[in-house]
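This report describes selected local features of one protein chain. Please consult the sequence and the three-dimensional view below while reading.

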Amino acid sequence: MKVFNFGSINIDHIYRVNHFAKPGETLASDNYQMMLGGKGANQSIALARAKVLVQHIGRISFHDEWICRKLQKDGVGVYCLQHVDEPTGHAIIQVSDEGENSILLFGGANKGFTESNLAEYLSNSRPGDWLLMQNECTHTADALRLAKQHKMITALNPAPMTDEIKALPLDLVDYLIVNEIEAEQLADTEGLTRDQPEALLKHLHQHYPKMKLVLTLGSRGVMYKDATQMVFVPAQKVEVVDTTAAGDTFIGYFIQQIITGHDVKTALEVATQASAITVQSLGASASIPTLQQLIDLGAIHA
């Protein structure tokens with residue numbers, strides 16, 4: 001079984017600051033790093049480090065061949081990776097002393113996909129393979145339809161959340177993975193807020209009864225709901241350095257656990273432990289743990 005990850009690839013410019021820059025303020029940074037990022041690339045790396053067969057469907061500039069080599073080194077398949085004249089997407093990231101981040105994103109090459117590109121790549125899939133998507137690339141609706149034509153399992157992480165998400169054929173999504181803010185925006189109902197996660201899940205389930213819903217709650221943990229069960233797993237208490245790739249790590253390891261036949265509660269526990277490791281280091285893809293690290297911690301049995 002293979003995961004095709006149709007997702008963004010960005011170059012992250014990370015600045016460590018004691019507070020986020022305010023309008024009109026010039027702020028000195030304590031540290032600077034340039035790293036491979038983008039929700040798509042991060043999730044592909046998380047899947048690969050979890051020993052999942054993953055092919056990344058993405059676009060990068062001809063000038064950034066190092067990205068291709070980096071993905072290959074991590075075990076990500078790159079035969080669906082296009083090299084184009086457009087600039088690679090990039091992000092300006094401020095990381096505060098509290099470990100929170102503020103991100104300015106430029107889509108670049110991530111915005112240049114066509115339906116014919118996706119049709120070509122997904123023609124290599126088999127029934128039961130997965131298609132993972134975020135919301136930093138174009139033609140997401142076409143990707144969903146093509147995936148279902150090929151009888152794939154679909155997972156959507158609608159980040160960043162936009163109004164266009166509500167126009168997608170969400171009935172074609174098997175797994176929806178959202179944080180509190182995204183769930184609140186998607187539910188779009190008066191009187192229901194992110195402080196009511198169980199109610200949010202029930203509301204979303206009423207609208208999408210066949211969907212498996214995963215709601216991440218940051219420092220509180222994660223909740224899951226499908227047609228038969230509601231599951232809660234608390235977050236681990238760790239010292240937070242940088243939350244940038246925590247959600248992407250969670251998604252990679254959650255899918256790995258589901259693919260390898262584990263129950264939902266186990267999948268949530270393993271994914272939560274993996275994301276707890278991620279937040280203790282600075283950077284995006286560099287902070288994502290390997291399967292061996294989780295085995296050594298006892299979170300996964302070899």
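In which loop is H139 found? H139 is found in the loop between β8 (130-133) and α4 (140-149). The model discussed here is predicted.

## Backbone at the two ends of α4

H139 is not a glycine, yet its phi is positive, at about 65°. The residue is partly exposed, with a relative accessible area of 32%.

A second residue of this kind is K151, which lies in the loop between α4 and β9. K151 comes just after α4 and takes a positive phi of about 60°, although K151 is not a glycine. With a relative accessible area of 61%, K151 counts as exposed, because that value is over the 50% cut-off.

## Burial and packing of α4

Helix α4 is mostly covered, as seven of its 10 residues are buried. The buried residues are T140, A141, D142, A143, L144, L146 and A147. These residues pack against two strands that flank the helix in the chain, β8 and β9, and also against β1 (2-6) and α3 (115-122).

As a general point, an α-helix has 3.6 residues a turn, so residues three or four places apart point the same way.

## The β8-α4-β9 unit and its extension to β10

Together, β8, α4 and β9 make a right-handed β-α-β unit. The strands β8 and β9 run parallel and are joined by four bridges. Within this pairing, L132 stands opposite A155 in β9.

Strand β9 also pairs with β10, again in the parallel sense, over two bridges. A155 takes part here too, since its bridge partner in β10 is Y175. A155 is thus opposite L132 in one pairing and a partner of Y175 in the other.

## The loop between β9 and β10

Which peptide bond is cis, with omega near 0°? It is the bond from A159 to P160. P160 has its place in the loop between β9 and β10.

V173 is found in this loop as well, between β9 (153-156) and β10 (175-179). Is V173 buried or exposed? V173 is buried, with a relative accessible area of 3%, and this follows because the cut-off for burial is under 20%. Leaving aside neighbours within four places in sequence, V173 is in contact with L144, T154, L156 and M211. One of these, L144, is itself among the buried residues of α4. The C-alpha atoms of V173 and I251 are separated by 15 Å, and the two residues are 78 places apart along the chain.

## The mixed sheet

Which strands form the open sheet, and in what order? Four strands take part, in the order β3-β2-β6-β7, and their pairing is mixed. At the edges stand β3 (31-37) and β7 (101-106); each has a single partner strand, so one side of each is left without a neighbour in the sheet. Direction ignored, neighbouring strands of this sheet are turned by 20° against each other on average.

Strand β6 (residues 89-95) runs antiparallel to β7, and six bridges join the two. One of the bridge pairs places I93 opposite its partner I103 in β7. Helix α2 (residues 65-73) packs on the sheet and touches β2 (10-16) and β3. The direction of α2 makes about 70° with that of β3. In general, strands of a sheet pair through backbone hydrogen bonds, either parallel or antiparallel.

## Cysteines

How many disulfides does a search of the whole structure find? The search finds zero. For C80, the closest cysteine sulfur is that of C68, at 12 Å, which is too far for a bond. C137 is likewise in no disulfide, and the nearest cysteine sulfur, that of C80, is 13 Å away. The distances of C80 and C137 can be judged against the criterion, because a disulfide requires two cysteine sulfur atoms within 2.5 Å.

Both cysteines are also described by their accessibility. C80 counts as buried at 0% relative accessibility, and C137 counts as buried at 9%.

Conventions: Residues are numbered from 1 along each chain as its sequence is written. This is a predicted model: local features need pLDDT of at least 70, side-chain atom pairs count only at pLDDT 80 or more; totals for chains, interfaces and linings use all residues. Side-chain values use heavy atoms; hydrogens and water are left out. Buried means under 20% relative accessible area, exposed over 50%, partly exposed in between (1.4 Å probe, protein chains only). Contact means heavy atoms within 4.5 Å. Two strands pair if DSSP finds at least two bridges between them. A crossover is right-handed if, with the strands pointing away from the viewer, the path from the first strand over the helix to the second runs clockwise. Axes are lines fitted to C-alpha atoms, for helices over the stretch in contact, and angles run from 0 to 180 degrees between N-to-C directions.
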